[in-house]
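Hi,

Here is the structure I promised to pass on. Have a look at it first, and then read my notes underneath.

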Amino acid sequence: TEIVLELEMYLERYRKGLEDIITAIDDEDVLSGMPLFLLVADINRIARSALDGEPTTADEFNDKQQKG
């Protein structure tokens, strides 16, 4: 049971990372001409965060927004 919970935690973290990457790509700044290297750097940071499990600044912001 503990292994299943840990696996679910990993899957949720990776799912969240992918959602954050999609959001970064869909962001209006990208569509309005954000330099590609900044987008790549942002995606790299999000992916690394998902892989190592460290929360990102966006995660902290989103948590505060959800709590009201």
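Let me start with two tyrosines. Tyr10 and Tyr14 both sit in helix 1, four residues apart, which is about one turn of the helix. One thing to keep in mind throughout is that this is a predicted model.

How do you describe two rings like these? A pair of aromatic rings is described by the distance of the centres and the angle of the planes. The count for this structure is one aromatic pair. That pair is Tyr10 with Tyr14, and it is tilted, with 6.2 Å from centre to centre and 35° between the planes. Tyr10 is partly exposed, at a relative accessible area of 30%, and Tyr14 is partly exposed too, at 33%.

Now zoom out for a moment. The chain has four helices and zero strands, so if you walk along from the N terminus, the order of elements reads α-α-α-α. There are 68 residues in the chain, and 16% of them count as buried. The accessible surface of the chain is about 5,600 Å², and 61% of that belongs to carbon and sulfur atoms.

Next, the charged side chains. How many salt bridges does a search of the whole structure find? It turns up four, and here are some of them.

Take Arg15 to begin with. Its side chain meets that of Glu12 in a salt bridge, with 2.3 Å from N to O. Both residues belong to helix 1, which covers residues 2–26, and they are three residues apart, about one turn of the helix. Arg15 also forms a salt bridge with Glu19, where the closest N and O atoms are 2.2 Å apart. Glu19 and Arg15 are four residues apart in helix 1, so about one helical turn separates them. As for exposure, Arg15 is partly exposed at 36% relative accessible area, Glu12 is partly exposed at 38%, and Glu19 is partly exposed at 38%.

Another salt bridge is found in helix 3, which runs over residues 36–52. There the side chains of Asp42 and Arg45 meet at 2.6 Å, N to O. Asp42 and Arg45 are three residues apart, so about one helical turn lies between them. Asp42 is partly exposed, with 23% relative accessibility, and Arg45 is partly exposed, with a relative accessible area of 37%. Back in the other group, salt bridges with shared partners join Glu12, Arg15 and Glu19 into one network.

I kept Arg13 for last. Arg13 belongs to helix 1. Is Arg13 buried or exposed? It is buried, yet it has no salt bridge. The nearest side chain of opposite charge is Asp52, and that is 6.4 Å away, while a salt bridge needs the two atoms within 4 Å.

What does the side chain of Arg13 reach instead? One of its polar atoms lies 2.5 Å from the backbone oxygen of Ala50, and the side chain also reaches the backbone oxygen of Leu51 at 3.4 Å. Leaving aside residues up to four places away in sequence, Arg13 touches Ser49, Ala50, Leu51, Asp52 and Gly53.

When you open the model, try finding Arg13 and then Ala50, whose backbone oxygen lies 2.5 Å from a polar atom of the Arg13 side chain. After that, look for the network of Glu12, Arg15 and Glu19.

Cheers

Definitions and conventions: Residues are numbered from 1 along each chain as its sequence is written. This is a predicted model: local features need pLDDT of at least 70, side-chain atom pairs count only at pLDDT 80 or more; totals for chains, interfaces and linings use all residues. Side-chain values use heavy atoms; hydrogens and water are left out. Helices (H or I, at least four residues) and strands (E, at least two) are DSSP runs, numbered from the N terminus. Buried means under 20% relative accessible area, exposed over 50%, partly exposed in between (1.4 Å probe, protein chains only). Accessible areas come from the Shrake-Rupley method with a 1.4 Å probe; for residues, only the protein chains shown count as cover. Lys and Arg count as positive and Asp and Glu as negative; His and the chain ends are not counted. A polar contact is a pair of N or O atoms within 3.5 Å; within protein, one must be able to donate a hydrogen and the other to accept it, and residues adjacent in sequence count only if both atoms are side-chain atoms. Contact means heavy atoms within 4.5 Å. Rings of Phe, Tyr and Trp (its six-membered ring) pair if their centres lie within 6.5 Å; planes under 30 degrees apart count as stacked, over 60 as edge-to-face and the rest as tilted.
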